[in-house]
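The following exercises concern a pocket and a helix. Study the structure, attempt each task, and then compare your reasoning with the solution.

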Amino acid sequence: MKNHLLIANHVFLLLCASMYLGTGGSLILFSFPVASQLTPDNYYLQFVPQVQAATEFFTTMTKLMLAAGFVMLLAEWRQPTRWVPIVVLLGVIASTGLTL
């Protein structure tokens with residue numbers, strides 16, 4: 001039972017990290033290239049509602065990612081793979097710091 005819960009935790013963390021990275025990548029590839037065409041009259045619909053929705057979603061997801069990362073760190077602490085959750089937690093903290 002414990003192993004199944006840990007696997008679910010790790011898969012959830014991978015899913016969240018994939019969503020985080022995928023969203024950032026899609027913004028760079030598909031949204032920011034139109035930045036030169038935006039004016040004060042048309043920027044609102046392009047950015048504001050999406051950013052507000054993303055802020056709410058990613059705030060909750062980041063908290064869950066930190067919790068899942070700490071669970072993974074505790075589970076892997078005596079293993080040679082303990083660096084994996086450390087890197088994940090540092091990445092989540094760094095990306096959170098960059099978006100503040």
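**Exercise 1.** Determine how the residues of the lining of the largest pocket divide into nonpolar, polar and charged.

*Solution.* Step 1: Ala, Val, Leu, Ile, Met, Phe, Trp, Tyr, Cys and Pro count as nonpolar, Asp, Glu, Lys and Arg as charged, and the others, Gly among them, as polar. Step 2: the lining then divides into 10 nonpolar, 11 polar and 1 charged. This is a predicted model, in which local features need pLDDT (the predictor's confidence in each residue, from 0 to 100) of at least 70, side-chain atom pairs count only at 80 or more, and totals for linings use all residues. Residues are numbered from 1 along each chain, and side-chain values use heavy atoms, without hydrogens and water.

**Exercise 2.** Identify which helix gives the most to the lining of the largest pocket.

*Solution.* Step 1: α1 (2-31), α2 (43-76) and α3 (83-98) each supply at least two lining residues. Step 2: α2 gives the most, with 10 residues. Step 3: among the 22 lining residues, L27, A54, T55, F58 and T99 lie nearest the centre of the pocket.

**Exercise 3.** Establish how the buried residues of α3 are arranged around its axis.

*Solution.* Step 1: P85, L89, V92 and S95 of α3 are buried (under 20% relative accessible area, with a 1.4 Å probe and protein chains only). Step 2: down the helix axis, the buried residues of α3 fall within an arc of 135° (taken from the directions from the axis to the C-beta atoms), so they line one face. Step 3: the face turned away from the buried side of α3 carries W83, L90 and L98, which are exposed (over 50%).

Terms used: On a 1 Å grid over the protein atoms alone, a cavity is a set of points where a 1.4 Å probe fits but cannot get out, and a pocket is an open set with protein on both sides within 12 Å along at least five of seven lines; lining residues have an atom within 4 Å of a point. Helices (H or I, at least four residues) and strands (E, at least two) are DSSP runs, numbered from the N terminus.
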